[in-house]
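Me: I would like a close look at a single part of this model, namely the aromatic rings together with the charges placed over them. Please take the rings one by one and connect them to their surroundings where that can be done.

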Amino acid sequence: MAYYVMNNSLVFCTFLDATKAFDRIRYCKLFRLLNKRGIPPCIIRVLLCFYTSNLFRVAWNGVMSYYFLATNGVKQGGVLSPVIFTLYIDGLLVRLAKANVGCYVGICSFSVGGKAIEFVDFFTHLGHVISSDLDDCRYVANRRVVL
């Protein structure tokens, strides 16, 4: 951001809350897409075993559930998860780009849902503050601190 500001250019950032997105990946579709992308079958088999053979259980209020298999989703915090998610949604992003819909900055700043994009002076993402004035120290926990 500093590069563009120093060169007298505007910088815009848009953040999408995709908190549950990793949980929505369907395995059948994922492995078809990986195959279609030309990923070697031996890698697909390893990923297939990795994702379809893990047992999970839920702890709630001190009580543990029975073990169960996950039927969809990639691992939260997994090193490969962002890459797999990107491959999974790539087709959607290509179709959206071709459809000429989405977010526009300037005169027509609306999201796909028809709601206006909110412009803010700062935004906290993964614990890091991104601010419009490039002074991240002035913003703490979504509150502006006057120094």
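Reply: Lys75 sits over the face of Phe50, at 4.8 Å from the ring centre, in what is a predicted model. Phe50 in turn belongs to a cluster in which ring pairs link it with Tyr27, Phe31 and Tyr51, and the structure as a whole holds five aromatic pairs.

One of these pairs joins Tyr27 and Phe31, whose ring centres are 6.2 Å apart; the planes stand at 40 degrees, which falls between the limits of 30 and 60 degrees, and therefore the pair counts as tilted. Both residues belong to helix α2, where four residues, about one turn of the helix, separate Tyr27 from Phe31. Both of them are also buried.

Tyr27 has a further partner in Tyr51, and this aromatic pair is likewise tilted, with 5.9 Å from centre to centre and 45 degrees between the planes. Whereas the pair of Tyr27 and Phe31 stays in one helix, the pair of Tyr27 and Tyr51 links distant parts of the chain, since Tyr27 lies in helix α2 and Tyr51 in helix α3 (residues 41-52), 24 residues apart. As for solvent exposure, Tyr27 has a relative accessibility of 9% and therefore counts as buried, the cut-off being under 20%. Tyr51, with a relative accessible area of 4%, is buried by that criterion as well.

A charge over a ring also occurs at Tyr88, where Lys29 lies over the face at 5.0 Å from the ring centre. Lys29 and Tyr88 lead on to the second largest pocket, which holds about 230 Å³ of space. Of the 14 residues that line this pocket, the closest to its centre are Lys29, Tyr88, Ile89, Gly91 and Leu92, so that both members of the contact between Lys29 and Tyr88 appear in that group. The elements that give two or more residues to the lining are α2 (27-36) and α4 (81-99), and α4 supplies the largest share, eight residues. By residue class, the lining of the second largest pocket divides into eight nonpolar, one polar and five charged residues.

Taken together, helix α2 carries Tyr27 and Phe31 of the ring cluster, and helix α2 is also among the elements that line the second largest pocket.

Methods: Residues numbered from 1 in each chain as written. Predicted model: local features only at pLDDT ≥ 70, side-chain atom pairs only at ≥ 80, totals over all residues. Heavy atoms only, no water. 1 Å grid on protein atoms, 1.4 Å probe; cavity = no way out; pocket = protein on both sides within 12 Å on 5 of 7 lines; lining within 4 Å. Points joined across faces, edges and corners; volume = space filled by probe spheres on them. Nonpolar A, V, L, I, M, F, W, Y, C, P; charged D, E, K, R; others polar. Phe/Tyr/Trp six-rings, centres within 6.5 Å; stacked < 30°, edge-to-face > 60°. Buried < 20%, exposed > 50% of the residue type's maximum accessible area, 1.4 Å probe, protein only. Lys NZ or Arg CZ within 6 Å of the ring centre and 35° of its normal.
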